[in-house]
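Reader: Please take one strand and go through its surroundings in detail. I would like the criteria stated along with the values.

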Amino acid sequence: MDYFFYRFMEILRDLPRWLRPGLGVKRWLFLMMCGITLLGLGIAVILIDIYRTDSSEPALLTVLSYASLRFLPRIWRALIFGGMGVMLIVYGMYKLNRSLLRPFLQPGSDVVNTLANFQRRNRGPHIVAIGGGHGLSTLLRGLKAHTRNLTAVVTVADDGGSSGRLRESFGILPPGDIRNCLAALSNDEAMLTQLFQYRFSGSPDLDGHSFGNLFITALADITGSFEGAVVESGRVLSVNGQVLPSTLHNVQLVASMELPYTLNEVRVEGESKIPEMAGRVRRVWLEPDDAAAFPPVIKELLAADIIVIGPGSLYTSILPNLLVHDLLDGIRASRAIKVYVCNIATQAGETDAFTCYDHVRVLEGHVGENLFDVILCNNNYQGDVGPSSVWVRADEKVLSDERTHATDLIDDAHPWRHDSAKVTQAILDAFFARHSK
């Protein structure tokens, strides 16, 4: 008895939460109550008719008299029957929602909070994040907590490791960065990340391949296209948002590099070979250089509220996307706020000794000036970023730029990485500050 009383009181305490604005519940609750009221009126009409016309059955009249509580004042009867009706409706709605939502609720989660969080993220800003590698995955983990209107645009110039081997063997676009983004956007990220990042060993044919890459490759064969495999992957994994390749063309990243202690430049072909080559990158480009952007990417860019570029490897993750001319035109044409998230630490072989200003200078040197509305830099240099890297500092040149916003962005446990929550909050602060003007 105590248990049922406790559950009943718990349901009553939850009632005001169901009536909070934005849940999309009150209108249907009102409609349901109207239907129940009409049904009750219909039954009442029948009972009144029986009560008034069937006077030959005194036992029936006595039962109806007591059932309708005629011995009480009319106001008390209305309150008692109305209260009982509300309690039954609330309890029935609560149990019905628990039953319907049980397959979608995490253990220990609350129906109201789950629904409120879903509706809040449904109304979140439309964000397009552009990049590749682990930097983009980190960013997506933070963004998915604030919006479901999320699109990740990733590079397809990767030619190393498992992705490169699958690209060469099956002729598909490299699935590595797409795999990482799908895992980051999934509802059960911890388990899916372990599964997708699992690498086979011991077999000459499978050695070094990740399960996620093989999964996308298999879907590409089943659906008949790489883009179909990406769409189906997102649907099967129930991701929060979507992941799109920047282009469907088989592009190769090429760099012109200046050799150490000489003015000579050499041509380096392949994204994976650029960081391994001793020297300084002077310029990168795609071959073919007229590859068209994936059309859904352009659509998302034009509909976006926020476009985030970075973080990620400057030459091998970010620029391969921006060098797709249609995609770059889509960014410029979009009315979204464009945010560049600068790396926290330098990358050996690509950005040795680079400052934040150097990153911006290289990007604008390749794609033109004034692409970004906000330049987001880290200004917390506490911790160790490893033997082969140094801090990317917000130097005076970049701080003198009115677009620059410098704040603490580091992950305290791994100082060379961005903290997904800090970066997301900084991006949203910049967005809301602009819209409040």
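Author: What follows is a close look at strand 1 and its neighbours.

The model is predicted: local features need pLDDT of at least 70 and side-chain atom pairs count only at pLDDT 80 or more, whereas totals for chains, interfaces and linings use all residues. Residues are numbered from 1 along each chain as its sequence is written, and side-chain values use heavy atoms, with hydrogens and water left out.

Strand 1 covers residues 127–131; strands (E, at least two residues) and helices (H or I, at least four) are DSSP runs, numbered from the N terminus. Five of its five residues are buried, so strand 1 is largely enclosed by the rest of the structure. Buried means under 20% relative accessible area, with a 1.4 Å probe and protein chains only. In a regular strand the side chains alternate between the two faces of the sheet. Here Ile 127, Ala 129 and Gly 131 point one way, while Val 128 and Ile 130 point the other way.

Strand 1 pairs with strand 2 (residues 150–154) through five bridges, and the two run parallel; pairing requires that DSSP finds at least two bridges between the strands. Within strand 2, Val 153 stands opposite Ile 130. Between these strands the chain passes through helix 6 (residues 133–143), and this β-α-β crossover is right-handed: with the strands pointing away from the viewer, the path from the first strand over the helix to the second runs clockwise.

Strand 1 is also joined to strand 7 (residues 306–309), by four bridges, and these two run parallel. Ala 129 has Val 308 of strand 7 as its bridge partner.

Methods: Buried < 20%, exposed > 50% of the residue type's maximum accessible area, 1.4 Å probe, protein only.
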